[in-house]
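Let's take a walk through this model together, from the sheet to the ligand and on to a few odd spots in the backbone. Keep the viewer open as you read.

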Amino acid sequence: MAINIYRKIKRNITEDGLIVSSSGFLVNTMVGKIDFSRPLRILEIGSGKGPFTREIIRRMSTESVLDVCEIKSEYNPWIERLMIANPHKQVTLHNGCVTELLNTPETYDVIVSSLPLKNFERMKDQNAFLNRLIEGFKFALKEGGIYLQYQYFRSNKADIERVFGKEMDEIDFVPLNILPAFVYSMTK
Ligand SMILES: C[S@@+](CC[C@H](N)C(=O)[O-])C[C@H]1O[C@@H](n2cnc3c(N)ncnc32)[C@H](O)[C@@H]1O
């Protein structure tokens, strides 16, 4: 029993980059930075079981469009349940790597990312994937659009600032989360 729990926690950390789903405090801090008063095209990346998806769907207008991207199909049922419960909201689930959605310039007003960027540093390609990813975010954001990302330990802040060519607009600290997290806001 204890071994199974330990294995699950270890798998969550190495594969997903987290121990449990993000807290309501983290979700509200991050989603609270989005101006929902106008129609938006939003990309949410790494939805997992959908703590951010639920809140974005709740706040978005019926004219707004949400693309949810999650590489693991085992999380599909959580997102599909939210889509079924909100048929009047324009939500699409993409099952795959987010790089497939970052090929069209100036597409999104908002990118909300839960991707564990730090984990990508361990890949054999010496950060090529990490750089391609951040460059893809900048490419796919509209001028004036906002990229929101949470990370633990302020990691990858310098990578994001280098690619966007400017300092982070804001960094918020959310202690009430496992683990305490930093929320990065970067406008293009
Ligand atoms: C840290 S978890 C976040 C889950 C949830 N959003 C939360 O905050 O509780 C990161 C998620 O990103 C997904 N992910 C990892 N690499 C991805 C990729 N290249 N494209 C899309 N999703 C990815 C993982 O499967 C995982 O569900």
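**A tour of the fold**

Start at aspartate 109, which sits in strand S4, the stretch covering residues 108-113. Keep in mind that you're looking at a predicted model. Is aspartate 109 buried or exposed? It counts as buried, because it has 20 C-beta neighbours inside 10 Å, and 20 is where the buried class begins. Setting aside residues up to four places away in sequence, aspartate 109 touches Leu40, Arg41, Ile42, Lys142 and Gly145. There's a long-range link here too: the C-alpha atoms of aspartate 109 and leucine 43 are 8.4 Å apart, although the two positions lie 66 residues apart along the chain.

Now step back for the overall layout. The protein contains seven helices and seven strands, and in sequence order they read α-α-β-α-β-α-β-β-α-α-β-α-β-β. Of the 188 residues, 35% are buried. If you take the contacts between residues at least 6 apart in sequence, 75% of them join residues at least 24 apart.

Next, trace the strand pairing, beginning with S1 (residues 41-45). S1 runs parallel to S2, and five bridges join the two. To get from S1 to S2 the chain passes through H3, and this β-α-β crossover is right-handed. Two of the S1 residues make handy landmarks: glutamate 44 stands opposite valine 68 in S2, and isoleucine 45 has cysteine 69 of S2 as its bridge partner. S1 also pairs with S4, again in the parallel sense, over four bridges. Here glutamate 44 turns up once more, with valine 112 in S4 as its bridge partner. So how covered is S1, then? Mostly: four of its five residues are buried.

From S2, carry on to S3 (residues 90-95). These two strands pair in the parallel sense over six bridges, and cysteine 69 finds its S3 bridge partner in histidine 94. The link between them goes by way of helix H4 (residues 76-85), and S2, H4 and S3 make a right-handed β-α-β unit.

What about the interior? The largest nonpolar core has 45 residues, and those with the most contacts inside it are Met30, Ile42, Ile56, Val110, Ile111, Val112 and Phe137. Take isoleucine 56 as an example. Leaving out its neighbours within four places in sequence, isoleucine 56 is in contact with Val31, Ile42, Glu44, Leu66 and Val112.

Met30 leads you to helix H2 (residues 24-31), where Leu26, Val27, Thr29, Met30 and Val31 are buried. An α-helix has 3.6 residues a turn, so residues three or four places apart point the same way. Look along H2 with that spacing in mind and you can pick out Leu26 and Met30 among the buried positions. What do the buried residues of H2 pack against? Their partners are H3, S4, strand S5 (141-151), strand S6 (170-174) and strand S7 (181-187).

Then there's the ligand. Which residues come closest to it? Ser21, Ser22, Gly46, Gly48 and Ser114 do, out of 21 residues that surround it. By type, the shell divides into eleven nonpolar, seven polar and three charged residues. Helix H3 (51-59) and strand S2 (65-70) each supply at least two residues of that shell, and these are two elements you've already met in the crossover from S1.

Finally, a few backbone spots to check. Most residues other than glycine have a negative phi, and most peptide bonds are trans. Glutamate 106 has a positive phi of about 50° although it isn't a glycine. You'll find glutamate 106 in the loop between S3 and S4, and it's exposed because only 12 other C-beta atoms lie within 10 Å. Phenylalanine 153 also has a positive phi, near 60°, and is likewise a residue other than glycine. It lies in the loop between S5 and helix H7 (157-164). Is phenylalanine 153 buried or exposed? It counts as exposed, because it has 11 C-beta neighbours inside 10 Å. The last stop is the peptide bond joining isoleucine 178 and leucine 179, which is cis, with omega about -5°. Leucine 179 belongs to the loop between S6 and S7.

Note on methods:
Residues are numbered from 1 along each chain as its sequence is written. This is a predicted model: local features need pLDDT of at least 70, side-chain atom pairs count only at pLDDT 80 or more; totals for chains, interfaces and linings use all residues. A residue is near a molecule or strand if its C-beta atom, placed from the backbone, lies within 6 Å of it. Ala, Val, Leu, Ile, Met, Phe, Trp, Tyr, Cys and Pro count as nonpolar, Asp, Glu, Lys and Arg as charged, and the others, Gly among them, as polar. A nonpolar core is a set of buried Ala, Val, Leu, Ile, Met, Phe, Trp, Tyr and Cys residues joined through C-beta atoms within 7 Å. Two residues are in contact if their C-beta atoms, placed from the backbone, lie within 7 Å. Two strands pair if DSSP finds at least two bridges between them. A crossover is right-handed if, with the strands pointing away from the viewer, the path from the first strand over the helix to the second runs clockwise.
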